[in-house]
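Reader: I would like to learn how to read helix packing, strand pairing and contacts with DNA from a set of coordinates. Could we work through an example together?

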There are 2 protein chains.
Amino acid sequence: MDAEPLLSVASPPLTPAVKRSLADDVVDRLRDAILHGSFKPGEALREEQLATMLDVSRGPVREALVQLEREGLVVVRRHRGATVARLSRGDLEEVYSLRLALERLAMLRAARYATDEDFAAMEAVMAAFDVALSRGPSEKEIAELDLRFHDLIYRAARHQRMYDCWSNLRSQIYIFLLLRNVANPDFRDVTIKAHADLLEALRARDEVLVATLIEEHLRGAYDRILESYTATEHASSGEAPSPTLI
Amino acid sequence: MDAEPLLSVASPPLTPAVKRSLADDVVDRLRDAILHGSFKPGEALREEQLATMLDVSRGPVREALVQLEREGLVVVRRHRGATVARLSRGDLEEVYSLRLALERLAMLRAARYATDEDFAAMEAVMAAFDVALSRGPSEKEIAELDLRFHDLIYRAARHQRMYDCWSNLRSQIYIFLLLRNVANPDFRDVTIKAHADLLEALRARDEVLVATLIEEHLRGAYDRILESYTATEHASSGEAPSPTLI
DNA sequence: CATCCTTGTATTGTCAACAATAATCAGTTA
DNA sequence: TAACTGATTATTGTTGACAATACAAGGATG
């Protein structure tokens, strides 16, 4: 249900040694496969085939597909099986308008509840961002660090239900970020600057500024991704509307 | 996944004749049982027992429990089974702060996208509200009509992902509404007036007013429920914080 | 020639049996 | 007596087989 960060920043001394179910493993492996492009959008995901590939039975695979549908990576239709989701411009608009509503609340709460440990973790991710930049980072690295920074904001907000909503958007946003990176190479400085500003406003616990900054940041991100979309024109079918956010 | 309204207002001429799975039926029957109080908060929900009671195998029951966990009605712990969720004041605060963030967006979008059919459906629910009031309605009736009005707003917003988030909150809100009704008998006029104002602002497509009204409406609702909570003091364990929204 | 119906097949939906696990409760030991 | 240890048991996790369904292909019919 809850993807573990790849490089743990400020990890606690002992982890509670949680045992995961087969379905959880399948979720992670399938998610990675989809995000890595091993399965293309629209491709059929047959339960039996996946069970054979992953060396489990169909039960855990079925559960995993339900979870991945919640995360927006998979579409399941009754008696017709699952397919990898195609994310259209309409989906982009839905994801980012919802994200804006959620993340405004996240910022307000983080401004109220975040601890010094939270701020330190954010700074660590920003530092990792700098390090990555200095050695020619891959697009995946950039997208993951970007998401990790925002994930820390959601965690600092101390709101389980909101965090669950965010978890259901995260993978879709990852896909959109990769798309943005391909078309737009100079976004990185903008992102780094925006993150620095967000952290500064959070530290100042300035609720008005925090809300303003996240709105600007996300609207900017949305616009840049939308450019990539109209440039490459993924959904070739006539899908005209949805340029404006909200 | 998607609860059908009990009394369909402004129903379309032909329904697409969707065939439901056993798991979907189990979800509905279990949800109703929990909301009707057939299962008390904290009570264990054993898969085998439920399967026997509902005359299905454990498979569909398992799927249903996962869905109900997403709706916040059930807590599933690995190898320890499922229990009916206990909703604390902390949960109330989470649900209503998240609801406020979502519903502000819903109102903004509904103000932009709602059609005359949407408005007519809202008026029909308001009329049903009046009819119900005139003949001494049950608390369940009131809560259902209240939820149905807000559900129409979310539908009018034309935003599938947001609607899914709302669907995951709806049953929890229903529980809170029942709680409010018990302790506070004169809220009905307030609610009716607020709904009328919301509809009028939507018709005027006044985005500023719409956002202001929903915030007032939901903060008021939250405060009234919180009163009931502190009056009856459900979570008897020392849970001090969370009086303020956001 | 198009359309409808039948049949075959691949795939998901459901089930019941088996394996793994966590809680319970004696029994033992310090 | 209290704490630890080990078997017992109830319950979930997982599996493979069976049933139901939707799609596709082919033939019958107008």
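Author: What follows takes these topics in turn, for a model that is predicted.

Reader: How should I describe the packing of helix H4 of chain A and helix H7 of chain B?

Author: Two packed helices are described by the angle between their axes and by the distance between those axes. Here helix H4 (residues 89–113) of chain A packs with helix H7 (residues 160–183) of chain B at an angle of about 45 degrees, and their axes are 8 Å apart. That angle makes H4(A) oblique to H7(B). On the side of H4(A) the contact is made by Asp91(A), Glu94(A), Val95(A) and Leu98(A), while H7(B) provides Gln160(B), Arg161(B), Met162(B) and Cys165(B). By class, the residues of this contact divide into four nonpolar, one polar and three charged.

Reader: In what order do the three strands of the sheet in chain B lie, and what is the sense of their pairing?

Author: Strands of a sheet pair through backbone hydrogen bonds, in either a parallel or an antiparallel sense. In chain B the three strands form an open sheet in the order E1-E3-E2, and the pairing is antiparallel. Strand E1 (44–45) and strand E2 (74–77) of chain B stand at the edges with a single partner strand each, so one side of each is left without a neighbour in the sheet. E2(B) pairs with strand E3 (residues 81–84) of chain B over four bridges, and the bridge partner of Val76(B) in E3(B) is Ala82(B).

Reader: Turning to the DNA, which residues come nearest to DNA strand C?

Author: Of the 16 residues around DNA strand C, the nearest are Arg58(A), Arg62(A), Leu22(B), Ser57(B) and Arg80(B). Sugar and phosphate account for 76% of the atoms of this strand that come within 4 Å of the protein. A polar side-chain atom of Ser57(B) lies 2.9 Å from a phosphate oxygen of DNA strand C, and a polar side-chain atom of Arg46(A) lies 3.2 Å from a phosphate oxygen of that strand.

Reader: Which residues are the closest to DNA strand D, and which of its atoms lie by the side chains of Arg80(A) and Arg58(B)?

Author: Among the 17 residues that surround DNA strand D, the closest are Leu22(A), Ser57(A), Arg80(A), Arg58(B) and Arg62(B). An N or O atom in the side chain of Arg80(A) is 2.5 Å from a phosphate oxygen of DNA strand D, whereas for Arg58(B) a side-chain N or O atom is 2.9 Å from a base nitrogen of the strand. The largest share of the surface near DNA strand D, three residues, comes from H3(A).

Terms used: Residues are numbered from 1 along each chain as its sequence is written. Chains are lettered from A and ligands numbered from 1 in the order in which they are written. This is a predicted model: local features need pLDDT of at least 70, side-chain atom pairs count only at pLDDT 80 or more; totals for chains, interfaces and linings use all residues. Side-chain values use heavy atoms; hydrogens and water are left out. Axes are lines fitted to C-alpha atoms, for helices over the stretch in contact, and angles run from 0 to 180 degrees between N-to-C directions. Helices (H or I, at least four residues) and strands (E, at least two) are DSSP runs, numbered from the N terminus. Angles under 35 degrees count as roughly parallel, over 145 as roughly antiparallel, 65 to 115 as roughly perpendicular and the rest as oblique. Contact means heavy atoms within 4.5 Å. Ala, Val, Leu, Ile, Met, Phe, Trp, Tyr, Cys and Pro count as nonpolar, Asp, Glu, Lys and Arg as charged, and the others, Gly among them, as polar. Two strands pair if DSSP finds at least two bridges between them. A residue is near a molecule or strand if one of its heavy atoms lies within 4 Å of it. A polar contact is a pair of N or O atoms within 3.5 Å; within protein, one must be able to donate a hydrogen and the other to accept it, and residues adjacent in sequence count only if both atoms are side-chain atoms.
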